[in-house]
Amino acid sequence: MSEVIEIRSPSNLKVIGTVKRMSKEEVRQEIEEAYKGFEEISKMPLYKRTAILRKVSEILEERQEDLAKLLAMEAGKPIKDSRVEVLRASRLFRQTAEEASIVLEGHNYRVDAYEYPPGNENRIVISTREPIGIISAILPFNFPINSFAHKVAPALAVGNAVVVKPSISTPLAALEMKKILSEAGLPDSAVRVVTGYSNEIGDDIITHPLIGLITLTGSTQTGLNIASKAVSLGKRIIMELGGSDPIIVLEDADIERASSIAVRARFEYAGQNCNAGKRIIVRQEIADKFTKAFYEKVKALKIGDPLDESTDVGPVINEESIEKLNKIVEDAKIKGGKVEVVDGLKNGYFFPLTIIPNANLDMLSLKTEVFGPIAPIITVKSDEEAISIANSTEYGLQSAIFTNNLNRALKISKALKFGAVIINDSTRLRLDSLPFGGFKKTGIGREGVRDTMLEMTENKLVGITLL
(Lines give C-alpha, C1' and ligand atoms only; values in the text may rest on other atoms or scores of the structure.)
Protein backbone atom coordinates (compact mmCIF):
# COMPACT_ATOMS: atom_id res chain seq x y z
CA MET A 1 0.00 0.00 0.00
CA SER A 2 1.37 3.40 -0.99
CA GLU A 3 2.13 5.65 1.98
CA VAL A 4 1.32 8.82 0.07
CA ILE A 5 -1.50 10.04 -2.18
CA GLU A 6 -0.74 12.16 -5.22
CA ILE A 7 -2.84 15.31 -5.62
CA ARG A 8 -3.42 16.24 -9.25
CA SER A 9 -4.75 19.49 -10.62
CA PRO A 10 -8.12 18.91 -12.34
CA SER A 11 -7.18 21.49 -14.98
CA ASN A 12 -4.16 19.67 -16.42
CA LEU A 13 -3.90 16.42 -14.38
CA LYS A 14 -0.35 17.28 -13.25
CA VAL A 15 0.79 16.25 -9.76
CA ILE A 16 0.96 19.36 -7.55
CA GLY A 17 1.70 17.68 -4.25
CA THR A 18 1.36 14.60 -2.06
CA VAL A 19 -0.27 13.90 1.30
CA LYS A 20 0.09 11.10 3.77
CA ARG A 21 -2.21 8.11 3.40
CA MET A 22 -2.97 7.76 7.08
CA SER A 23 -3.92 4.51 8.72
CA LYS A 24 -6.68 3.98 11.26
CA GLU A 25 -4.10 3.84 14.04
CA GLU A 26 -2.57 7.15 12.96
CA VAL A 27 -6.00 8.79 12.92
CA ARG A 28 -6.70 7.53 16.44
CA GLN A 29 -3.40 9.01 17.57
CA GLU A 30 -4.34 12.36 16.02
CA ILE A 31 -7.67 12.33 17.87
CA GLU A 32 -5.90 11.58 21.15
CA GLU A 33 -3.48 14.41 20.44
CA ALA A 34 -6.44 16.71 19.78
CA TYR A 35 -7.78 15.91 23.24
CA LYS A 36 -4.57 17.32 24.71
CA GLY A 37 -5.26 20.40 22.62
CA PHE A 38 -8.79 20.61 24.00
CA GLU A 39 -7.52 20.53 27.56
CA GLU A 40 -5.22 23.44 26.74
CA ILE A 41 -7.48 25.65 24.62
CA SER A 42 -10.57 25.20 26.80
CA LYS A 43 -8.64 26.71 29.72
CA MET A 44 -7.35 29.60 27.63
CA PRO A 45 -9.16 32.90 28.34
CA LEU A 46 -11.43 34.08 25.57
CA TYR A 47 -9.35 37.15 24.78
CA LYS A 48 -6.38 34.93 23.95
CA ARG A 49 -8.43 32.65 21.70
CA THR A 50 -9.94 35.59 19.82
CA ALA A 51 -6.50 37.20 19.47
CA ILE A 52 -5.34 34.06 17.66
CA LEU A 53 -8.34 34.19 15.34
CA ARG A 54 -7.64 37.85 14.52
CA LYS A 55 -4.03 36.98 13.75
CA VAL A 56 -5.17 34.19 11.40
CA SER A 57 -7.35 36.75 9.63
CA GLU A 58 -4.37 39.04 9.14
CA ILE A 59 -2.16 36.26 7.79
CA LEU A 60 -4.84 35.13 5.35
CA GLU A 61 -5.10 38.65 3.94
CA GLU A 62 -1.32 38.90 3.64
CA ARG A 63 -1.08 35.58 1.82
CA GLN A 64 -4.25 35.86 -0.22
CA GLU A 65 -2.45 35.53 -3.55
CA ASP A 66 -0.41 32.44 -2.62
CA LEU A 67 -3.42 30.67 -1.17
CA ALA A 68 -5.59 31.65 -4.14
CA LYS A 69 -3.05 30.15 -6.54
CA LEU A 70 -2.96 26.93 -4.53
CA LEU A 71 -6.75 26.82 -4.58
CA ALA A 72 -6.86 27.44 -8.33
CA MET A 73 -4.43 24.59 -8.97
CA GLU A 74 -5.85 22.13 -6.45
CA ALA A 75 -9.59 22.73 -6.84
CA GLY A 76 -9.68 24.12 -10.38
CA LYS A 77 -11.40 27.27 -9.13
CA PRO A 78 -10.71 30.35 -11.29
CA ILE A 79 -8.11 32.59 -9.68
CA LYS A 80 -10.48 35.56 -9.34
CA ASP A 81 -12.99 33.38 -7.46
CA SER A 82 -10.21 31.80 -5.41
CA ARG A 83 -9.15 35.23 -4.15
CA VAL A 84 -12.71 35.85 -3.00
CA GLU A 85 -12.76 32.56 -1.09
CA VAL A 86 -9.55 33.40 0.78
CA LEU A 87 -10.83 36.87 1.62
CA ARG A 88 -14.11 35.42 2.89
CA ALA A 89 -12.18 33.02 5.12
CA SER A 90 -10.13 35.90 6.51
CA ARG A 91 -13.24 37.89 7.32
CA LEU A 92 -14.91 34.84 8.82
CA PHE A 93 -12.07 34.36 11.33
CA ARG A 94 -12.35 38.04 12.24
CA GLN A 95 -16.15 37.95 12.52
CA THR A 96 -15.92 34.92 14.78
CA ALA A 97 -13.49 36.73 17.06
CA GLU A 98 -15.83 39.72 17.22
CA GLU A 99 -18.97 37.74 17.97
CA ALA A 100 -17.65 35.08 20.37
CA SER A 101 -18.18 37.21 23.48
CA ILE A 102 -21.81 37.81 22.49
CA VAL A 103 -22.54 34.11 22.02
CA LEU A 104 -20.73 33.07 25.20
CA GLU A 105 -22.08 35.74 27.54
CA GLY A 106 -24.73 33.44 29.02
CA HIS A 107 -28.03 34.49 30.58
CA ASN A 108 -29.53 35.45 33.94
CA TYR A 109 -33.02 33.97 34.42
CA ARG A 110 -35.73 35.64 36.50
CA VAL A 111 -36.87 32.46 38.20
CA ASP A 112 -38.87 34.47 40.75
CA ALA A 113 -41.47 34.69 37.96
CA TYR A 114 -42.32 31.02 38.57
CA GLU A 115 -44.28 29.77 41.58
CA TYR A 116 -42.77 26.30 41.37
CA PRO A 117 -40.50 25.10 42.78
CA PRO A 118 -41.07 26.96 46.05
CA GLY A 119 -38.41 29.42 47.12
CA ASN A 120 -37.56 30.84 43.69
CA GLU A 121 -37.48 34.34 45.15
CA ASN A 122 -34.29 33.25 46.92
CA ARG A 123 -32.63 31.73 43.86
CA ILE A 124 -30.33 32.98 41.15
CA VAL A 125 -30.11 30.87 38.00
CA ILE A 126 -27.65 31.61 35.26
CA SER A 127 -26.63 29.78 32.11
CA THR A 128 -23.15 29.34 30.69
CA ARG A 129 -21.98 27.88 27.40
CA GLU A 130 -19.17 25.37 27.56
CA PRO A 131 -17.19 23.62 24.83
CA ILE A 132 -18.13 20.12 23.79
CA GLY A 133 -14.61 18.75 23.40
CA ILE A 134 -13.30 17.53 20.06
CA ILE A 135 -15.08 18.51 16.87
CA SER A 136 -14.71 16.31 13.79
CA ALA A 137 -14.84 18.59 10.73
CA ILE A 138 -15.33 16.86 7.38
CA LEU A 139 -14.74 19.28 4.51
CA PRO A 140 -16.01 19.33 0.92
CA PHE A 141 -13.74 19.71 -2.10
CA ASN A 142 -15.40 22.87 -3.42
CA PHE A 143 -14.61 25.29 -0.57
CA PRO A 144 -11.55 23.82 1.16
CA ILE A 145 -10.47 27.14 2.71
CA ASN A 146 -13.78 28.83 3.45
CA SER A 147 -15.38 25.63 4.74
CA PHE A 148 -12.32 25.12 6.96
CA ALA A 149 -12.92 28.61 8.35
CA HIS A 150 -16.66 28.02 8.86
CA LYS A 151 -16.03 24.92 10.95
CA VAL A 152 -12.71 25.58 12.67
CA ALA A 153 -12.95 29.26 13.66
CA PRO A 154 -16.19 28.91 15.70
CA ALA A 155 -14.97 25.67 17.27
CA LEU A 156 -11.76 27.28 18.50
CA ALA A 157 -13.51 30.45 19.63
CA VAL A 158 -15.66 28.54 22.12
CA GLY A 159 -12.80 26.34 23.34
CA ASN A 160 -13.06 23.13 21.33
CA ALA A 161 -10.27 21.28 19.57
CA VAL A 162 -10.81 20.13 15.98
CA VAL A 163 -9.83 17.13 13.88
CA VAL A 164 -10.14 18.16 10.24
CA LYS A 165 -10.69 15.61 7.46
CA PRO A 166 -10.36 17.46 4.12
CA SER A 167 -11.59 16.01 0.84
CA ILE A 168 -8.94 13.82 -0.73
CA SER A 169 -9.31 15.99 -3.84
CA THR A 170 -8.31 19.21 -2.02
CA PRO A 171 -6.25 18.44 1.11
CA LEU A 172 -3.34 20.81 0.44
CA ALA A 173 -5.34 23.91 1.32
CA ALA A 174 -6.33 22.46 4.69
CA LEU A 175 -2.72 21.66 5.50
CA GLU A 176 -1.75 25.25 4.69
CA MET A 177 -4.53 26.51 6.95
CA LYS A 178 -3.18 24.34 9.75
CA LYS A 179 0.27 25.94 9.32
CA ILE A 180 -1.26 29.43 9.49
CA LEU A 181 -3.11 28.57 12.72
CA SER A 182 0.14 27.41 14.31
CA GLU A 183 1.92 30.55 13.12
CA ALA A 184 -0.84 32.65 14.69
CA GLY A 185 -0.12 31.08 18.07
CA LEU A 186 -2.64 28.26 18.31
CA PRO A 187 -1.42 25.28 20.34
CA ASP A 188 -0.36 22.64 17.83
CA SER A 189 -2.63 19.97 19.29
CA ALA A 190 -5.78 22.10 19.10
CA VAL A 191 -6.23 21.46 15.35
CA ARG A 192 -5.12 18.24 13.69
CA VAL A 193 -5.52 17.45 9.99
CA VAL A 194 -5.96 13.84 8.92
CA THR A 195 -5.49 12.81 5.30
CA GLY A 196 -6.45 9.64 3.52
CA TYR A 197 -9.30 7.82 1.87
CA SER A 198 -12.66 8.05 3.61
CA ASN A 199 -13.36 4.34 3.14
CA GLU A 200 -10.19 3.61 5.12
CA ILE A 201 -10.23 6.18 7.93
CA GLY A 202 -13.67 7.81 7.80
CA ASP A 203 -15.26 5.62 10.44
CA ASP A 204 -12.78 6.57 13.15
CA ILE A 205 -13.39 10.31 12.92
CA ILE A 206 -17.09 9.59 13.49
CA THR A 207 -17.15 6.81 16.06
CA HIS A 208 -14.12 7.52 18.25
CA PRO A 209 -15.26 8.00 21.88
CA LEU A 210 -13.42 11.33 22.20
CA ILE A 211 -15.30 12.91 19.29
CA GLY A 212 -18.22 14.98 20.59
CA LEU A 213 -19.66 16.56 17.44
CA ILE A 214 -19.38 15.87 13.73
CA THR A 215 -19.81 18.73 11.29
CA LEU A 216 -19.92 17.77 7.63
CA THR A 217 -20.46 19.52 4.35
CA GLY A 218 -21.02 16.99 1.60
CA SER A 219 -23.49 14.85 -0.27
CA THR A 220 -26.87 13.98 1.20
CA GLN A 221 -26.34 10.24 1.14
CA THR A 222 -22.95 10.47 2.84
CA GLY A 223 -24.26 12.92 5.40
CA LEU A 224 -27.33 10.90 6.32
CA ASN A 225 -25.24 7.74 6.72
CA ILE A 226 -22.83 9.56 9.01
CA ALA A 227 -25.66 11.25 10.92
CA SER A 228 -27.36 7.92 11.57
CA LYS A 229 -24.18 6.39 12.94
CA ALA A 230 -23.26 9.48 14.97
CA VAL A 231 -26.66 9.88 16.61
CA SER A 232 -26.74 6.20 17.54
CA LEU A 233 -23.56 6.90 19.53
CA GLY A 234 -25.00 10.00 21.20
CA LYS A 235 -22.88 12.47 19.25
CA ARG A 236 -23.99 15.92 18.14
CA ILE A 237 -24.16 16.70 14.41
CA ILE A 238 -24.25 19.61 11.98
CA MET A 239 -24.94 18.39 8.44
CA GLU A 240 -24.76 20.72 5.43
CA LEU A 241 -25.86 18.47 2.58
CA GLY A 242 -27.28 18.64 -0.94
CA GLY A 243 -29.20 21.33 -2.73
CA SER A 244 -31.12 21.83 -5.95
CA ASP A 245 -31.84 25.52 -5.73
CA PRO A 246 -34.53 26.94 -8.04
CA ILE A 247 -34.40 30.31 -9.75
CA ILE A 248 -37.93 31.53 -10.51
CA VAL A 249 -38.15 34.24 -13.17
CA LEU A 250 -41.56 35.89 -13.41
CA GLU A 251 -42.87 37.70 -16.49
CA ASP A 252 -42.40 41.16 -14.94
CA ALA A 253 -38.73 40.55 -14.10
CA ASP A 254 -35.80 42.52 -15.45
CA ILE A 255 -34.65 39.92 -18.01
CA GLU A 256 -31.18 41.40 -18.40
CA ARG A 257 -30.50 41.31 -14.67
CA ALA A 258 -32.18 37.96 -14.09
CA SER A 259 -30.31 36.22 -16.94
CA SER A 260 -26.94 37.68 -15.89
CA ILE A 261 -27.35 36.56 -12.29
CA ALA A 262 -28.74 33.16 -13.30
CA VAL A 263 -25.73 32.46 -15.54
CA ARG A 264 -23.34 33.28 -12.73
CA ALA A 265 -25.39 31.33 -10.18
CA ARG A 266 -25.39 28.23 -12.38
CA PHE A 267 -21.88 28.24 -13.87
CA GLU A 268 -19.68 29.77 -11.17
CA TYR A 269 -16.99 27.21 -10.28
CA ALA A 270 -18.36 24.98 -13.04
CA GLY A 271 -21.65 24.65 -11.16
CA GLN A 272 -20.05 22.87 -8.19
CA ASN A 273 -21.65 24.88 -5.40
CA CYS A 274 -24.27 23.56 -3.00
CA ASN A 275 -26.33 26.74 -3.41
CA ALA A 276 -25.81 27.11 -7.15
CA GLY A 277 -28.96 27.97 -9.10
CA LYS A 278 -29.48 24.45 -10.39
CA ARG A 279 -33.03 24.71 -11.83
CA ILE A 280 -34.34 27.70 -13.76
CA ILE A 281 -38.13 28.11 -13.77
CA VAL A 282 -39.41 30.76 -16.19
CA ARG A 283 -42.90 32.09 -16.94
CA GLN A 284 -43.88 31.21 -20.50
CA GLU A 285 -44.60 34.86 -21.37
CA ILE A 286 -40.86 35.63 -21.34
CA ALA A 287 -39.35 32.17 -21.82
CA ASP A 288 -37.97 32.80 -25.32
CA LYS A 289 -36.48 36.19 -24.45
CA PHE A 290 -34.97 34.91 -21.22
CA THR A 291 -33.50 31.77 -22.80
CA LYS A 292 -31.95 33.79 -25.63
CA ALA A 293 -30.38 36.26 -23.18
CA PHE A 294 -29.20 33.41 -20.98
CA TYR A 295 -27.61 31.54 -23.88
CA GLU A 296 -25.82 34.65 -25.18
CA LYS A 297 -24.29 35.26 -21.76
CA VAL A 298 -23.21 31.62 -21.44
CA LYS A 299 -21.44 31.86 -24.81
CA ALA A 300 -19.53 34.89 -23.51
CA LEU A 301 -18.04 32.92 -20.60
CA LYS A 302 -14.41 31.94 -21.00
CA ILE A 303 -13.58 28.33 -20.16
CA GLY A 304 -9.92 27.86 -19.39
CA ASP A 305 -6.92 27.56 -17.11
CA PRO A 306 -7.95 28.53 -13.56
CA LEU A 307 -4.72 30.53 -13.19
CA ASP A 308 -5.65 32.71 -16.18
CA GLU A 309 -7.07 36.04 -14.98
CA SER A 310 -9.68 36.02 -17.76
CA THR A 311 -11.06 32.55 -17.00
CA ASP A 312 -14.70 32.42 -15.88
CA VAL A 313 -15.19 28.65 -15.70
CA GLY A 314 -12.63 25.97 -14.94
CA PRO A 315 -12.83 22.18 -14.78
CA VAL A 316 -14.98 19.95 -12.64
CA ILE A 317 -13.17 18.15 -9.86
CA ASN A 318 -12.58 14.64 -11.26
CA GLU A 319 -13.42 11.98 -13.82
CA GLU A 320 -16.22 10.55 -11.68
CA SER A 321 -17.96 13.92 -11.87
CA ILE A 322 -17.72 13.92 -15.67
CA GLU A 323 -19.26 10.45 -15.81
CA LYS A 324 -22.23 11.56 -13.66
CA LEU A 325 -22.77 14.67 -15.77
CA ASN A 326 -22.68 12.67 -19.00
CA LYS A 327 -25.43 10.42 -17.65
CA ILE A 328 -27.60 13.46 -16.87
CA VAL A 329 -27.14 14.84 -20.38
CA GLU A 330 -27.90 11.47 -22.01
CA ASP A 331 -30.98 11.13 -19.82
CA ALA A 332 -32.20 14.55 -21.00
CA LYS A 333 -31.73 13.57 -24.65
CA ILE A 334 -33.61 10.30 -24.19
CA LYS A 335 -36.50 12.19 -22.58
CA GLY A 336 -36.85 14.72 -25.38
CA GLY A 337 -34.43 17.36 -24.20
CA LYS A 338 -32.86 19.79 -26.63
CA VAL A 339 -29.26 20.04 -25.42
CA GLU A 340 -27.14 23.07 -26.33
CA VAL A 341 -23.48 23.23 -25.36
CA VAL A 342 -20.58 25.64 -25.20
CA ASP A 343 -17.45 23.52 -25.33
CA GLY A 344 -14.07 24.20 -23.76
CA LEU A 345 -10.66 22.69 -23.13
CA LYS A 346 -9.92 18.97 -23.46
CA ASN A 347 -6.71 18.45 -21.47
CA GLY A 348 -8.25 18.24 -18.00
CA TYR A 349 -11.61 17.52 -16.38
CA PHE A 350 -13.45 20.15 -18.40
CA PHE A 351 -17.14 19.67 -19.09
CA PRO A 352 -19.00 21.69 -21.72
CA LEU A 353 -21.39 24.34 -20.46
CA THR A 354 -24.76 22.74 -21.14
CA ILE A 355 -28.24 24.22 -21.44
CA ILE A 356 -31.46 22.19 -21.61
CA PRO A 357 -34.01 24.86 -22.70
CA ASN A 358 -37.01 22.49 -22.74
CA ALA A 359 -36.44 20.52 -19.55
CA ASN A 360 -39.26 18.49 -18.02
CA LEU A 361 -39.88 16.94 -14.61
CA ASP A 362 -39.05 13.42 -15.82
CA MET A 363 -35.41 14.39 -16.36
CA LEU A 364 -32.65 13.72 -13.84
CA SER A 365 -31.51 17.31 -14.29
CA LEU A 366 -34.63 18.43 -12.40
CA LYS A 367 -34.91 15.50 -10.00
CA THR A 368 -31.39 15.23 -8.60
CA GLU A 369 -28.65 17.53 -7.41
CA VAL A 370 -26.54 18.31 -10.48
CA PHE A 371 -23.02 19.21 -9.38
CA GLY A 372 -21.71 20.59 -12.64
CA PRO A 373 -22.31 23.06 -15.49
CA ILE A 374 -25.73 21.89 -16.68
CA ALA A 375 -28.62 24.38 -16.72
CA PRO A 376 -32.14 23.00 -17.19
CA ILE A 377 -34.77 25.62 -18.03
CA ILE A 378 -38.43 24.74 -17.53
CA THR A 379 -41.39 26.89 -18.58
CA VAL A 380 -44.48 27.43 -16.41
CA LYS A 381 -47.89 29.03 -16.97
CA SER A 382 -48.61 30.24 -13.42
CA ASP A 383 -47.02 31.16 -10.12
CA GLU A 384 -48.63 28.10 -8.55
CA GLU A 385 -46.94 25.85 -11.10
CA ALA A 386 -43.62 27.56 -10.45
CA ILE A 387 -43.99 26.93 -6.71
CA SER A 388 -44.96 23.30 -7.28
CA ILE A 389 -41.92 22.61 -9.47
CA ALA A 390 -39.60 24.48 -7.11
CA ASN A 391 -40.81 22.38 -4.15
CA SER A 392 -40.79 19.09 -6.08
CA THR A 393 -37.21 18.27 -5.05
CA GLU A 394 -36.15 16.46 -1.89
CA TYR A 395 -33.79 19.35 -1.14
CA GLY A 396 -34.50 22.78 0.34
CA LEU A 397 -31.38 24.89 0.64
CA GLN A 398 -31.88 28.28 -1.07
CA SER A 399 -34.11 29.73 -3.76
CA ALA A 400 -34.44 32.92 -5.79
CA ILE A 401 -37.34 34.90 -7.26
CA PHE A 402 -37.01 37.62 -9.89
CA THR A 403 -39.91 40.07 -10.14
CA ASN A 404 -40.67 43.77 -9.89
CA ASN A 405 -43.64 43.04 -7.62
CA LEU A 406 -42.40 42.71 -4.04
CA ASN A 407 -45.83 41.78 -2.69
CA ARG A 408 -46.04 38.92 -5.18
CA ALA A 409 -42.51 37.79 -4.31
CA LEU A 410 -43.30 37.69 -0.60
CA LYS A 411 -46.43 35.62 -1.21
CA ILE A 412 -44.43 33.11 -3.25
CA SER A 413 -41.64 33.05 -0.65
CA LYS A 414 -44.10 31.91 2.02
CA ALA A 415 -44.94 28.88 -0.12
CA LEU A 416 -41.36 27.90 -0.93
CA LYS A 417 -39.84 25.18 1.28
CA PHE A 418 -36.28 26.44 1.44
CA GLY A 419 -33.93 27.72 4.12
CA ALA A 420 -33.61 31.03 2.31
CA VAL A 421 -35.54 32.89 -0.38
CA ILE A 422 -33.50 35.54 -2.20
CA ILE A 423 -35.56 38.15 -4.04
CA ASN A 424 -33.97 39.68 -7.15
CA ASP A 425 -30.54 38.23 -6.43
CA SER A 426 -28.57 35.01 -6.61
CA THR A 427 -29.14 31.73 -4.78
CA ARG A 428 -25.40 31.99 -4.19
CA LEU A 429 -25.92 34.90 -1.81
CA ARG A 430 -24.71 33.90 1.64
CA LEU A 431 -24.08 36.11 4.65
CA ASP A 432 -21.46 34.19 6.59
CA SER A 433 -22.58 35.32 10.05
CA LEU A 434 -26.23 34.42 9.47
CA PRO A 435 -27.91 30.98 9.56
CA PHE A 436 -27.20 28.84 6.50
CA GLY A 437 -28.94 25.53 5.89
CA GLY A 438 -32.18 24.19 4.61
CA PHE A 439 -35.31 22.09 4.72
CA LYS A 440 -35.84 18.39 4.02
CA LYS A 441 -32.73 16.41 3.01
CA THR A 442 -30.58 19.51 2.67
CA GLY A 443 -29.25 19.05 6.16
CA ILE A 444 -29.51 19.05 9.92
CA GLY A 445 -28.87 22.21 11.90
CA ARG A 446 -27.60 25.55 10.67
CA GLU A 447 -24.14 26.87 9.96
CA GLY A 448 -23.07 30.51 10.34
CA VAL A 449 -20.75 32.18 12.83
CA ARG A 450 -23.23 32.52 15.71
CA ASP A 451 -25.27 29.41 14.97
CA THR A 452 -22.16 27.26 14.66
CA MET A 453 -20.79 28.48 18.00
CA LEU A 454 -24.13 27.70 19.65
CA GLU A 455 -24.20 24.23 18.08
CA MET A 456 -20.63 23.60 19.25
CA THR A 457 -21.30 24.40 22.91
CA GLU A 458 -23.29 22.86 25.73
CA ASN A 459 -25.79 25.04 27.59
CA LYS A 460 -25.29 24.60 31.33
CA LEU A 461 -27.61 25.98 34.01
CA VAL A 462 -26.13 26.96 37.39
CA GLY A 463 -28.66 27.44 40.19
CA ILE A 464 -27.77 29.25 43.41
CA THR A 465 -30.05 29.21 46.46
CA LEU A 466 -29.34 32.16 48.74
CA LEU A 467 -29.01 31.15 52.41
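In this predicted model, residue E85 is buried, with a relative accessible area of 2%, and since a residue counts as buried when that value is under 20%, E85 falls on the enclosed side of the cut-off. Its place along the chain is in helix α4, which covers residues 79-103. The side chain of E85 makes a polar contact, at 2.6 Å, with the side chain of K77. If residues up to four places away in sequence are set aside, E85 touches K77 and L71, and also N142, F143, P144, I145 and N146.

A residue with the opposite surroundings is E105, which is exposed, with a relative accessible area of 61%. E105 is found in the loop between α4 and β3. The C-alpha atoms of E105 and P10 are separated by 45 Å, and these two residues lie 95 residues apart along the chain.

From single residues we can turn to a whole helix, α2, which is made of the 17 residues 46-62. At 1.5 Å a residue this helix should span 24 Å, and its end C-alpha atoms are 25 Å apart, which agrees with the expectation. The buried residues of α2 are R49, T50, I52, L53, V56, S57, I59 and L60. When reading such a list, it helps to remember that an α-helix has 3.6 residues a turn, so residues three or four places apart point the same way. The buried residues of α2 pack against several other helices, namely α1 (24-41), α3 (64-75), α4, α5 (146-157) and α6 (171-183).

Helix α6 can be examined in the same manner. Its 13 residues should span 18 Å at 1.5 Å a residue, and the end C-alpha atoms are 19 Å apart, which again agrees. In α6 the buried residues are P171, L172, A173, A174, M177, K178, I180 and L181. After α6 comes G185, whose phi is positive, near 110°.

The strands come next, beginning with an open sheet of six strands, in which the order is β7-β6-β5-β8-β9-β19 and the pairing is mixed. At its edges stand β7 and β19 (443-444), and each of them has a single partner strand, so one side of each is left without a neighbour in the sheet. Helix α1 packs on this sheet, touching β5, β6, β7 and β8 (211-217), and the direction of α1 makes about 150° with that of β6. Helix α9 (residues 220-232) lies across β5, β8, β9 (236-240) and β19, and runs at about 175° to β9.

Within this sheet, strand β6 (residues 161-165) deserves a slower look, because five of its five residues are buried, so the strand is largely enclosed by the rest of the structure. In a regular strand the side chains alternate between the two faces of the sheet. In β6 both faces are covered, with A161, V163 and K165 buried on one side and V162 and V164 buried on the other.

Strand β6 also has partners on which its pairing can be followed residue by residue. Five bridges join β6 to strand β5 (residues 134-138), and these two strands run parallel. Along this pairing, I134 stands opposite A161 in β6, while the bridge partner of S136 is V163. With strand β7 (residues 191-193), β6 pairs in the parallel sense over three bridges, and here the bridge partner of V162 is V191. The connections between these strands pass through helices: β5, α5 and β6 make a right-handed β-α-β unit, and β6, α6 and β7 make a right-handed β-α-β unit as well.

The last part of this walk is an open sheet of three strands, whose order is β3-β4-β20 and whose pairing is antiparallel. Its edges are formed by β3 (107-109) and β20 (457-465), each with a single partner strand, so one side of each is left without a neighbour in the sheet. On average, neighbouring strands of this sheet are turned by 25° against each other, direction ignored. Nine bridges join strand β4 (residues 123-131) to β20, and the two run antiparallel. One of the pairs that can be located on the structure is that of I126 with its bridge partner V462 in β20.

How values were computed:
Residues numbered from 1 in each chain as written. Predicted model: local features only at pLDDT ≥ 70, side-chain atom pairs only at ≥ 80, totals over all residues. Heavy atoms only, no water. Helix = DSSP H or I, 4+ residues; strand = E, 2+ residues; numbered from the N terminus. Buried < 20%, exposed > 50% of the residue type's maximum accessible area, 1.4 Å probe, protein only. Polar contact = N/O pair within 3.5 Å; in protein donor to acceptor, adjacent residues only side chain to side chain. Contact = heavy atoms within 4.5 Å. Expected span 1.5 Å × (residues − 1). Pairing = 2+ DSSP bridges. Axes fitted to C-alpha atoms, helices over the stretch in contact; angles between N-to-C directions. Right-handed = clockwise from strand over helix to strand, strands pointing away.
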